[in-house]
Amino acid sequence: MDQQTNPESALIICTRNRAEDLKKTLLRLAKSRSLPGTIIVVDSSDTHSNIQETLCEFAKNPGLNIFLLRTNYGLPHQRNVGIMHLVSMQVFPVIRIVNFIDDDMDVGEDFFADSFNFLSANPDVVALGCANSSVTGSKKSKLIRFLLGEPSKEGRIGPSGLVSNVTPGTGFIPTDWIAGGSMVLKAEVLRDFRFDGKRRMFGEDVEASLRLSTLGEIGVHRGLEVSHRSAQSGKLPDHKS
């Protein structure tokens with residue numbers, strides 16, 4: 001398969017102590033029909049094992065610019081490190097779309113092209129999430145559905161901070177919340193927007209979503225193929241500021 005790269009798109013992947021999971025994510029990315037032209041991996045691992053080797057194996061496409069950055073802080077801070085690296089490269093406004101995925105996510109062959117095309121064609125939408133397959137079928141989402149009500153409230157944040165389920169299907173639906181594990185933002189919002197490193201667990205995604213919703217429309221595109229693997233090693237970064 002001929003793989004294209006998009007110089008107007010960037011990807012930030014955060015990882016910690018999960019070199020094998022990162023390798024699986026990169027192998028899946030290698031099957032994409034189109035990849036962001038700039039890929040930044042932000043690593044907060046205790047030991048720097050074979051991540052560099054994995055990236056070298058992945059970077060066979062001459063159209064890719066790949067960067068490995070190190071930090072000792074947690075997931076929201078890692079995302080901000082990636083954003084600041086893009087700012088330092090002075091690549092805006094050439095880069096118009098910035099993707100964020102975790103190191104245990106699998107995306108479909110057309111994920112980057114479809115999300116880029118959708119955001120480009122919808123000027124009012126500033127942030128896009130996905131109906132994650134591991135979320136829609138979980139017991140937790142069923143409990144949330146019970147607490148928050150029927151699909152008319154899908155993607156809505158309740159008083160407790162819990163988020164209602166998103167029903168399977170295709171197309172875009174506006175929501176109050178999108179998960180950070182697979183989040184696509186327009187670069188224009190990143191002039192002033194940064195993730196809050198003081199939030200813990202799912203709180204940082206909810207808080208980020210609420211602030212993004214003041215900048216434009218946010219929502220979930222149920223046609224984007226993405227799944228969340230069970231991580232095989234390590235853990236997500238601690239949410240230190």
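## One face of α4

Helix α4 spans residues 111-121, and its buried residues (under 20% relative accessible area, with exposed meaning over 50% and partly exposed in between, 1.4 Å probe, protein chains only) are Phe-111, Phe-112, Ser-115, Phe-116, Phe-118 and Leu-119. Look down the axis of α4 and these buried residues fall within an arc of 165°, so they line one face of the helix. The arc here is that of the directions from the helix axis to the C-beta atoms. As a reminder, an α-helix has 3.6 residues a turn, so residues three or four places apart point the same way.

A word on provenance: this is a predicted model, where local features need pLDDT of at least 70 and side-chain atom pairs count only at pLDDT 80 or more, while totals for chains, interfaces and linings use all residues. Residues are numbered from 1 along each chain as its sequence is written, and side-chain values use heavy atoms, with hydrogens and water left out.

## The chain overall

The chain holds 7 helices and 10 strands; helices (H or I, at least four residues) and strands (E, at least two) are DSSP runs, numbered from the N terminus. Of its 241 residues, 50% are buried. About 11400 Å² is exposed, with 52% of that supplied by carbon and sulfur atoms; these areas come from the Shrake-Rupley method with a 1.4 Å probe, and for residues only the protein chains shown count as cover.

Now for contacts (heavy atoms within 4.5 Å). Take those with a separation of 6 or more: residues 24 or more positions apart account for 80% of them.

## Two nonpolar cores

A nonpolar core is a set of buried Ala, Val, Leu, Ile, Met, Phe, Trp, Tyr and Cys residues joined through side-chain atoms within 4.5 Å. The largest one has 29 residues, and the members touching the most others are Ile-12, Leu-86, Val-98, Phe-100, Leu-185, Phe-195 and Leu-212. Two or more residues each come from β1, β2, α3, β4, β6, β8, α7 and β9, and α3 gives the most, with 4 residues.

Val-98 makes a handy example: skipping its neighbours within four places in sequence, Val-98 is in contact with Ala-10, Ile-12, Leu-86, Phe-92, Met-183, Val-184, Leu-185, Ala-187 and Leu-190. There's also a second, separate core of 28 residues, which includes Leu-35, Leu-55, Val-107 and Leu-119.

## The sheet

8 strands make an open, mixed sheet in the order β3-β2-β1-β4-β8-β6-β9-β7. β3 (65-70) and β7 (172-174) sit at the edges with a single partner strand each, so one side of each is left without a neighbour in the sheet. On average, neighbouring strands are turned by 25° against each other, direction ignored.

At the β3 edge, β2 and β3 pair in the parallel sense over 6 bridges; pairing requires that DSSP finds at least two bridges between two strands. Ile-39 has Ile-66 in β3 as its bridge partner. Helix α2 (residues 51-58) packs on the sheet, touching β1, β2 and β3, and its direction makes about 170° with that of β3. Axes are lines fitted to C-alpha atoms, for helices over the stretch in contact, and angles run from 0 to 180 degrees between N-to-C directions.

## Backbone oddities

The loop between α3 and β4 is home to Pro-93, and the peptide bond from Phe-92 to Pro-93 is cis, with omega near 5°. Gln-90 lies in the loop between α3 and β4 too. Its phi is positive, about 55°, although Gln-90 is not a glycine, and at 70% relative accessibility Gln-90 counts as exposed.

Asn-17, in the loop between β1 and α1, is another non-glycine with a positive phi, near 55°. Asn-17 counts as partly exposed at 24% relative accessibility.
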